[in-house]
Amino acid sequence: MKKIGIIGLGKMGMNLGLNLMEKNVEVVGYDNSEKTREEAVVKSLTVKNSIDELLSDLDNQKVVLLSTPAGEITNELVKTLTEKLKPGDIIIDSGNSYYKDSVKNFELTNEKGIEFLDCGTSGGMEGARYGACLMIGGKKETFNQVEEIFEKLACDQGYLYTGKPGSGHYLKMIHNGIEYGMMQAIGEGFDILNASEYEYDFEKVASVWNHGSVIRSWLIELVGNSFRDDPKLEKIRGVIDASGEGKWTVEEALDLCVPVPVIANSLFVRNQSKVNDSFSAKVVATMRNQFGGHAVVKK
């Protein structure tokens, strides 16, 4: 197994690195935050203080996995690596990049003979640490060279080669659009219960729904965890941030003339949550915090 360089040691990157280390893969990490690098060292990750140091410590054919914020940061990082790597080296973008950016990054690296894979990563921090769901686009021959990495990172039957460049992040985009709608429905259901004349224990409601009901899911489990810690979610405000994938999904649906009323409405509710402190918004916000470590707004 090749030594893997990971750039970006935040919530996901750190856990991906620990996951690989546990599977006897040698990992070298870098993050531009000194504090984050120090935290990684405490967790026994080998950490370098610059990208150049990281690259110099990798094998002859270098494999670099990016776990960095979508957009300018990742795109600039790909440009930087394109100047530092040599033909045959491999970049894997495991973040939530917009699929059109991934296509451009593939074209940029391909001009230099550098290989590029776009990898949609689902399962939150727990998945990154113990077994993720991975959707990988790019050249099949490139995927074949590093398939063992995805096999080790993923849960059982949890990775899929999806086809040409951009297809991995496209699939993850649609996945997240679906996620928006599912979370919104759960939030609205609990909102009705909260407004009703009945006195429900929401943690117990979530628990019973997760035992044999047709809506049992990890999201129901997560919201149950939140209700255990804060039975009426009184410690947070109903503000839901959005990281972009829902908006991209709706834009893609408009371009393709595909109706997506549920996903679109769930996106608009997130915008509305900035001014409307509803209980359903609190439920969705706390689910995002549970699976992805996304910040909640405290009371």
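Contact here means heavy atoms within 4.5 Å. The model is predicted: local features need pLDDT of at least 70, side-chain atom pairs count only at pLDDT 80 or more, and totals for chains, interfaces and linings use all residues. Residues are numbered from 1 along each chain as its sequence is written, and side-chain values use heavy atoms, with hydrogens and water left out.

**Exercise 1.** Describe the surroundings of Ser266.

Step 1. Ser266 belongs to helix α12 (residues 261-272); helices are DSSP runs of H or I with at least four residues, strands are runs of E with at least two, and both are numbered from the N terminus.

Step 2. Its relative accessible area is 1%, so Ser266 is buried (under 20% relative accessible area, 1.4 Å probe, protein chains only).

Step 3. Apart from neighbours within four places in sequence, Ser266 has contacts with Tyr180, Gly181 and Gln184.

Step 4. The Ser266 side chain also reaches the backbone oxygen of Ile263, at 2.7 Å.

**Exercise 2.** Place strand β7 among its partners.

Step 1. Strand β7 spans residues 132-137, and five of its six residues are buried, so the rest of the structure largely encloses it.

Step 2. Strand β6 (residues 115-122) runs antiparallel to β7 and is joined to it by five bridges; two strands pair if DSSP finds at least two bridges between them. Within this pairing, Ser122 has Cys133 of β7 as its bridge partner.

Step 3. With strand β8 (residues 154-163), β7 pairs in the parallel sense, again over five bridges. Here Gly137 stands opposite Gly163 of β8.

Methods
Buried < 20%, exposed > 50% of the residue type's maximum accessible area, 1.4 Å probe, protein only. Polar contact = N/O pair within 3.5 Å; in protein donor to acceptor, adjacent residues only side chain to side chain.
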